[in-house]
Every structure is written in structure tokens, then in C-alpha cells.
Amino acid sequence: QAPLVESGGGLVQAGGSLRLSCAASGSIFSINRVDWYRQVPGNQREWVAGITSGGNTNYADFVKGRFTVSRDNAKSTVYLQMSSLEPEDTAVYYCYAVITTTARVISTYWGRGTQVTVSS
């Protein structure tokens with residue numbers, strides 16, 4: 001089984017950029033679809049972006065044109081490049097991955113999240 005670990009969060013001023021990473025470890029054969037979500041305390045978790053096993057991406061309207069998802073299969077890592085950040089982007093960001101293990105079993109995992117704070 002492969003746990004997911006997000007990293008790259010932090011404090012940034014409005015208009016700045018951050019790159020989040022979602023790294024998988026364990027008995028991994030391949031990482032299939034990966035989605036990014038975010039959650040503000042007291043709010044529902046919302047979908048941000050996703051990338052397929054073939055590299056096709058899609059985005060929520062509120063981040064389209066500002067965020068970019070990419071993947072490095074050799075490193076078992078998916079990235080979320082965030083630019084033109086706004087205070088409204090402040091949230092805990094989570095990745096959710098569909099993974100095929102070395103036993104050829106398809107499993108899904110949530111990361112524990114990484115905090116992104118955008119100051120005005």
C-alpha cells in the first residue's frame with residue numbers, strides 16, 4: 001500500500017506562487033488519476049484540479065489559468081503549481097490518488113494535507 005504525502009505549502013503574499021507536491025511511496029506499480037482538493041476550516045472540501053494517467057488535466061473554474069497540474073512518473077510525484085495566488089486560495093490542500101500496487105491491485109489514498117496561506 002502506498003501512502004501519500006503533500007508538501008510545499010507555506011505563507012505567500014497575494015500574487016505570489018507556490019508549488020505543491022504529492023509524493024507516493026510504497027509498493028507502487030503506477031499512479032493513475034490524481035486530484036487536488038482544498039478545504040477551509042468550517043467549509044466543505046472542494047475539488048481543485050486533476051490529472052489522468054495520460055497527463056490530461058482539468059481544473060475548477062476558480063483556479064483555471066492560475067494553477068497547473070503536472071506529474072513525474074519516475075518520481076511517483078504529482079505537482080500543483082499555483083500562481084497569482086489570492087487570499088481566497090488559503091486552505092489546506094490535499095491530494096487524492098488512484099494507485100496500482102505492485103500486486104496489481106487498484107487502491108485510493110488521501111494525503112494528510114499541506115497548509116497554504118496567502119496574505120493580502
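Here is a walk through some strands of this structure, which is a predicted model, ending at a single threonine.

Let's start with an open sheet. Four strands make it up, in the order β1-β3-β8-β7, and their pairing is antiparallel. At the edges sit β1 (4–7) and β7 (67–72), each of which pairs on one side only. Neighbouring strands here are turned by 15° against each other on average, direction ignored. Now look inside the sheet: β3 (residues 18–24) and β8 (residues 77–82) are joined by six bridges, in the antiparallel sense. One spot to find is Leu20, whose bridge partner in β8 is Leu80.

Next, follow the chain along β4, β5 and β6. Strand β4 (residues 28–39) pairs with β5 (residues 46–51) over five bridges, again antiparallel, and Asp35 stands opposite Gly50 of β5. The two strands form a hairpin with six residues between them, and Gly42 in the turn has a positive phi of about 90°. Then β5 goes on to pair with β6 (residues 57–59): three bridges join these antiparallel strands, with Ile51 standing opposite Thr57. This hairpin has five residues between its strands, and Gly55 takes a positive phi near 95°.

Finally, hop over to Thr100, which lies in strand β9 (residues 91–101). Is this residue buried or exposed? Thr100 has a relative accessible area of 10%, and because that is under the 20% cut-off, it counts as buried. So who are its neighbours? Leaving aside residues up to four places away in sequence, Thr100 touches Ile28, Phe29, Ser30, Asn32, Val105 and Ile106. With Asn32 there is also a polar contact, side chain to side chain, at 3.0 Å.

Technical notes:
Residues numbered from 1 in each chain as written. Predicted model: local features only at pLDDT ≥ 70, side-chain atom pairs only at ≥ 80, totals over all residues. Heavy atoms only, no water. Buried < 20%, exposed > 50% of the residue type's maximum accessible area, 1.4 Å probe, protein only. Polar contact = N/O pair within 3.5 Å; in protein donor to acceptor, adjacent residues only side chain to side chain. Contact = heavy atoms within 4.5 Å. Pairing = 2+ DSSP bridges. Axes fitted to C-alpha atoms, helices over the stretch in contact; angles between N-to-C directions.
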